[in-house]
Amino acid sequence: MSDRLGAVLGALADPTRREMVEVLLSDGTTSVPSLTGRFPITRQAVAKHLATLDDAGLLERVDAPGREVRWRLRPGALAPAADWVRTAESAWDGRLGRLKRAVEEGPPD
Amino acid sequence: MSVRRETEVEATPEDVWDALSTEEGRDRWLGEPGREVVVEVADAPHRLVWWWWEGDAPATRVEFLVVPAPGGARVVVTETAPEVPVARLAAAFSSVCV
């Protein structure tokens with residue numbers, strides 16, 4: 001598991017951050033003030049979660065007029081996580097197949 | 001972040017349990033000696049949870065549920081990948097042996 005993948009999975013391990021990613025998937029962009037209105041946590045906590053997502057390479061700032069900083073998902077940012085899921089699924093299909101054969105054949109004499 | 005897979009085995013849950021929960025049993029099908037396995041929960045013969053990792057990579061959590069099925073046993077595995085530093089994991093499980 002690469003550092004990059006570890007950072008993405010770590011960022012997505014938290015349910016609040018996963019919800020924030022879902023907000024971004026549905027709304028396109030978001031900001032600290034708009035998320036603060038949607039989550040029962042403080043503005044500081046929202047900013048910290050966004051910083052964690054940003055550190056994992058999941059976000060990018062949107063260039064926009066005005067003082068409010070807006071964020072969107074970086075294109076392809078979720079790909080390492082999707083790759084991990086595909087790799088893990090295929091690895092478990094193989095392992096469960098071998099487990100099934102081993103158990104059905106019984107232990108070696 | 002997790003994946004879930006399942007299979008049905010023509011054997012008793014106890015036979016499946018032996019293949020999952022003992023090192024000797026795992027040697028017959030797992031074949032990944034580079035991985036460290038630390039068992040967190042062993043509730044025979046139905047629920048087994050282990051953490052595993054390879055080298056310095058983050059650990060993942062693997063949970064097996066083994067339940068009776070019409071033809072034998074159904075095995076459901078869920079692998080979850082939070083980022084847990086190996087050192088912290090080792091400290092948390094220092095009193096548990098595999």
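**Exercise 1. Find what the buried residues of helix 1 of chain B pack against, and then place B:Trp17 in that setting.**

Step 1. The buried residues of helix 1 of chain B pack against helix 5 of chain A, and also against strand 1 (2-9), helix 2 (23-27), strand 3, strand 4 and strand 5 of chain B. Here helices (H or I, at least four residues) and strands (E, at least two) are DSSP runs numbered from the N terminus, while a residue is buried if 20 or more other C-beta atoms lie within 10 Å of its own, exposed if 12 or fewer, and partly exposed in between, with C-beta atoms placed from the backbone.

Step 2. This is a predicted model, in which local features need pLDDT of at least 70 and side-chain atom pairs count only at pLDDT 80 or more, whereas totals for chains, interfaces and linings use all residues. Residues are numbered from 1 along each chain as its sequence is written, and chains are lettered from A and ligands numbered from 1 in the order in which they are written.

Step 3. The buried residues in question are B:Pro13, B:Asp15, B:Val16, B:Trp17, B:Ala19 and B:Leu20. B:Trp17 counts as buried because it has 24 C-beta neighbours inside 10 Å.

Step 4. Leaving aside neighbours within four places in sequence, B:Trp17 is in contact (C-beta atoms, placed from the backbone, within 7 Å) with B:Ala44, B:Pro45 and B:Val66. The peptide bond from B:Ala44 to B:Pro45 is cis, with omega near -5°, and B:Pro45 lies in the loop between strand 2 (35-43) and strand 3 of chain B.

**Exercise 2. Describe how chain A and chain B meet, and which elements build the largest nonpolar core.**

Step 1. In the model, 21 residues of chain A are in contact with 21 residues of chain B. On the side of chain A that touches chain B, helix 1 and helix 5 of chain A are the elements that give two or more residues, and helix 5 of chain A gives the most, with 15 residues.

Step 2. The largest nonpolar core, a set of buried Ala, Val, Leu, Ile, Met, Phe, Trp, Tyr and Cys residues joined through C-beta atoms within 7 Å, has 42 residues, and those touching the most other members are A:Val8, A:Leu9, A:Leu53, A:Val103, B:Val16, B:Phe64 and B:Val75. Helix 5 of chain A gives the most to this core, with 7 residues.

**Exercise 3. Determine which residues of helix 2 of chain A are buried and which are exposed.**

Step 1. Helix 2 of chain A has 13 residues and reaches 18 Å from its first C-alpha to its last, close to the 18 Å expected at 1.5 Å a residue, where the expected span is 1.5 Å times one less than the number of residues.

Step 2. In this helix A:Met20, A:Val21 and A:Leu24 are buried. They lie on the same side of helix 2 of chain A because they cover an arc of only 100° around the axis, the arc being that of the directions from the helix axis to the C-beta atoms.

Step 3. On the other side of helix 2 of chain A, A:Pro15, A:Glu22, A:Leu25 and A:Ser26 are exposed.

**Exercise 4. Decide where chain B should be read with caution.**

Step 1. Chain B averages a pLDDT (the predictor's confidence in each residue, from 0 to 100) of 84, and 83% of the residues score at least 70.

Step 2. Over residues 84-98 of chain B, however, pLDDT stays under 50. Where pLDDT is low, the predicted coordinates should not be read in detail.

Methods. Contact = placed C-beta atoms within 7 Å.
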